[in-house]
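Trainee: Before I accept the terms used to describe a fold, I should like to see each one justified. May we go through the structure in that way?

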Amino acid sequence: MRSLILSDLHGNWEALEAVLARADGTFDRVVCCGDLVGYGADPNRVTAWVRANVAEVVRGNHDRACSGMDDLSWFNPIAREAAEWTLRALDSENLAYLRALPRGPIDAGGLTLAHGSPVDEDEYVATVEEARMIEGHLPAPRCFFGHTHLQGGFEYRRGSVVRPHFALHRPARLHRESWYLVNPGSTGQPRDGDWRAAYALYDEEGDELTLERTEYDVEGAQRKIREAGLPELLALRLETGA
Ligand SMILES: [Fe+2]
């Protein structure tokens, strides 16, 4: 089974479309680590596509916030404004779908999906120290997560935690005896200094992981954000990936 792993789509249809075009023919199914909506101007189109095409999805904090399940007072003003706009924009079917998404981690057959940490869906795992703190709490040896919008992963091997280097576009065979916690990166709002849409491919049979990036119509996504009246910063940050 070859899985296309997406995370943090954030209502960016142009980015999702580019990922699907580039990944075409390289996967058997799609799975998602959450945050389908929030920030971007196409929450309905992205959610409808996920509903129709993604086998396994966990909810993200923005899926909760944008479907009215959370108190927005702890969001920063820009995220809150985007969440309120998204809640108004979502149609009833997409809203119901987002509200029913399961909390991670979930077993997706051959791999596990979480949004934040496998221990807490709202917790960020960005550093080796943070990854070390949840050693012993990983539910399975091949776990994928999102939330940080940072592409890359952590390897748990013989009592130590390291950050393995995965070259882009090149399949890497994982170590059988190691456990991995891998972030495919954000498709819709990368924050690791690379504006290109991120995703990952995992081939269960060969135990091979490939991290990918692809250029997309960032100007188109920005134009929609501005036309929707969403905060300008949300358009600007897409072109820097910051
Ligand atoms: Fe996110």
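Mentor: The discussion below takes the descriptive terms one by one and sets each against its criterion. Please keep in mind that the model is predicted.

Trainee: What makes the protein chain as compact as a globular protein of its length?

Mentor: The secondary structure of the protein chain comes to 8 helices and 12 strands. The radius of gyration is 17 Å, and the globule rule, 2.2 Å times the number of residues to the power 0.38, gives 18 Å for 242 residues. The two values are close, so the chain is as compact as a globular protein of that length. Along the principal axes, the C-alpha trace spans about 50 × 35 × 30 Å.

Trainee: What share of the residues is buried, and what does the term require?

Mentor: Buried means under 20% relative accessible area. By that criterion, 57% of the 242 residues are buried. The protein chain exposes about 10,200 Å², of which carbon and sulfur atoms supply 48%.

Trainee: Which contacts in the protein chain join residues 24 or more positions apart, and what share do they make up?

Mentor: A contact requires heavy atoms within 4.5 Å. Among contacts with a separation of 6 or more, 72% are between residues 24 or more positions apart.

Trainee: How far apart are the mean positions of the positive and negative charges?

Mentor: There are 26 positive and 39 negative charges, and their mean positions are 2 Å apart.

Trainee: Why is strand β7 called largely enclosed?

Mentor: Strand β7 covers residues 152-157, and 5 of its 6 residues are buried, so the rest of the structure largely encloses it.

Trainee: How do you know that β7 pairs with β10 and with β8?

Mentor: Pairing requires at least two bridges between the strands. β7 and β10 (residues 179-183) have 5 bridges in the antiparallel sense, and β7 and β8 (residues 160-162) have 3, also antiparallel. Both counts satisfy the criterion, so both are pairs. Towards β10, Phe154 stands opposite Leu181 and Glu155 opposite Tyr180; towards β8, Tyr156 faces Val161. β7 and β8 form a hairpin with 2 residues between them, and Arg158 in the turn has a positive phi of about 50 degrees.

Trainee: What makes β4 and β8 edge strands?

Mentor: Their open sheet of 6 strands runs β4-β5-β6-β10-β7-β8, with mixed pairing. β4 (106-107) and β8 each have a single partner strand, so one side of each is left without a neighbour in the sheet.

Trainee: Which strands hold the edges of the sheet that contains β1?

Mentor: That open sheet of 6 strands has the order β3-β2-β1-β11-β12-β9, and its pairing is mixed. β3 (56-57) and β9 (172-173) pair on one side only and are the edge strands. Within this sheet, β1 (residues 2-6) and β2 (residues 29-32) are parallel over 4 bridges, with Ile5 opposite Val31 in β2.

Trainee: Which residues of helix α7 are buried, and against what do they pack?

Mentor: In α7 (residues 218-228), the buried residues are Val218, Gly220, Ala221, Gln222 and Ile225. The buried residues of α7 pack against α1 (13-23) and α8 (232-240). Gly229 follows α7 and has a positive phi, near 80 degrees.

Technical notes. Residues numbered from 1 in each chain as written. Predicted model: local features only at pLDDT ≥ 70, side-chain atom pairs only at ≥ 80, totals over all residues. Heavy atoms only, no water. Buried < 20%, exposed > 50% of the residue type's maximum accessible area, 1.4 Å probe, protein only. Areas by Shrake-Rupley, 256 points an atom, 1.4 Å probe, with all protein chains shown as cover. Lys, Arg positive; Asp, Glu negative; His and termini not counted. Charge placed at Lys NZ, Arg CZ, Asp CG, Glu CD.
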